[in-house]
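Biologist: I'd like a close look at just one part of this model. Pick a spot, tell me what surrounds it, and then help me fit it into the rest.

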Amino acid sequence: MTMLIASLCFALMVIVVHGACPQIITRSQWGARAPTGITYLSNQPVQYAFIHHATGNNCHDRASCQALVKSYQNYHMDTHGWADIGYSFIIGGDGSVFEGRGWDKVGAHTSGYNSVGLGFCLTGEFTSVLPPKAQLDAVHNLIACGVSLGKLKTAYTLRGHRDMGSTECPGTRLYQEIKTWPHY
Ligand SMILES: [Zn+2]
C-alpha cells in the first residue's frame, strides 16, 4: 500500500513538473519601461515560434542578464522608436527567462510575421558558438510552455529569423542547431 501511494505520488509529481512552465521574470520584476502602445494578437494560438539572437555580449547571472534586457528595451524604444522591447521573451545565458511583450501582444521581431508568431531572443551572439545548455534548455521549456498555455499551436512551426528575412540572425551556429529541433 505504501509502495502504491509512493508510486502514485511520483506519477503525479512527474505530470506536474512536466507540464510546468519555466519561471518568468515579469516586466515589473526587471523594471521594464511602460510601452508607448499595445496591440494584442488577434488570432491565438499563433503558428510560428521564431528564434533570434541579440548579438553582443552574453550574460551569466540575473544582474547581467537583466541589464542586457533593459539595454535592448532602451535601444528598441529610443533608437528604433518602437512602442516597446521588440521580442516576446528574452532568454538569458544562465537560463533565466524575461517577459518582453509576452504571450498575448504583437511584437516587433520578425518583419512581416509579427502577428502570426512569437519572438524568442537569446542574449549573446551565436555565429560560431552554441548558446550554453541552460539557455537552450530554457528555450525548449518556454516553447513547450507556450503550447501548454494555448498560446502556440500544438503543430507550431519553428523558424530562425533568417528564414523570414534578410538577416544573419540567429547566428549560423544557433541556426544549424535549431534546424535539428522538432517542428523546424
Ligand atoms: Zn532576429
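Modeller: Let's agree on one word before we start: a residue is called buried when its relative accessible area is under 20%. Now take Thr110, which sits in the loop between strand 4 (97-99) and strand 5 (117-122). Is Thr110 buried or exposed? Its relative accessibility is 0%, so Thr110 counts as buried. Keep in mind as you look around that this is a predicted model.

Who are the neighbours? Skip the residues within four places in sequence, and Thr110 is in contact with Phe50, His52, His161 and Met164. Two of those names come back when you look at the metal. The zinc ion is held by His52 through ND1, His161 through ND1 and Cys169 through SG, at 2.1 to 2.3 Å. That puts Thr110 in contact with His52 and His161, which are both zinc donors. Try following the donors along the chain as well: their spacing is H-x108-H-x7-C. Like Thr110, which is buried, His161 and Cys169 are both buried.

Now for the open space in the model. The largest pocket has a volume of about 260 Å³, and 15 residues line it. Those nearest its centre are His53, Ala54, Tyr75, His76 and Tyr87. Strand 2 (46-53) and helix 3 (62-79) each supply at least two lining residues, and helix 3 gives the most, with three. Sort the lining by class and you get seven nonpolar residues, eight polar ones and no charged ones.

There is an enclosed space to find too. Searching the whole structure turns up one cavity of 30 Å³ or more, and the largest cavity holds about 40 Å³. Its lining is made of Pro35, Gly37, Ile38, Thr39, Asp84, Arg101, Lys105 and Val106. Here the classes come out as three nonpolar, two polar and three charged residues.

Some of those lining residues lead you to Arg27, which belongs to helix 2 (residues 27-30). With a relative accessible area of 12%, Arg27 is under the 20% cut-off and so counts as buried. Beyond its neighbours within four places in sequence, Arg27 is in contact with Ala32, Arg33, Pro35, Gln73, Asp84, Ile85, Glu99, Gly100 and Arg101. Check that list against the cavity lining, and you'll spot Pro35, Asp84 and Arg101 in both.

Let's step back to the whole chain. The protein has six helices and six strands, and from the N terminus on they run α-β-α-β-α-β-β-β-α-β-α-α. Of its 184 residues, 43% count as buried. The contacts reach a long way along the sequence, too: among those between residues at least 6 apart, 72% join residues at least 24 apart.

How far can you lean on the picture? The average pLDDT is 93, and 90% of the residues score at least 70. The stretch to be careful with is residues 8-18, where pLDDT stays under 50 and the model has zero contacts beyond four places in sequence. Where pLDDT is low, the predicted coordinates shouldn't be read in detail.

Conventions: Residues numbered from 1 in each chain as written. Predicted model: local features only at pLDDT ≥ 70, side-chain atom pairs only at ≥ 80, totals over all residues. Heavy atoms only, no water. 1 Å grid on protein atoms, 1.4 Å probe; cavity = no way out; pocket = protein on both sides within 12 Å on 5 of 7 lines; lining within 4 Å. Points joined across faces, edges and corners; volume = space filled by probe spheres on them. Helix = DSSP H or I, 4+ residues; strand = E, 2+ residues; numbered from the N terminus. Nonpolar A, V, L, I, M, F, W, Y, C, P; charged D, E, K, R; others polar. Buried < 20%, exposed > 50% of the residue type's maximum accessible area, 1.4 Å probe, protein only. Contact = heavy atoms within 4.5 Å. Donors = N, O, S within 2.8 Å, 3.2 Å for Na, K, Ca; no water. pLDDT = per-residue confidence, 0-100.
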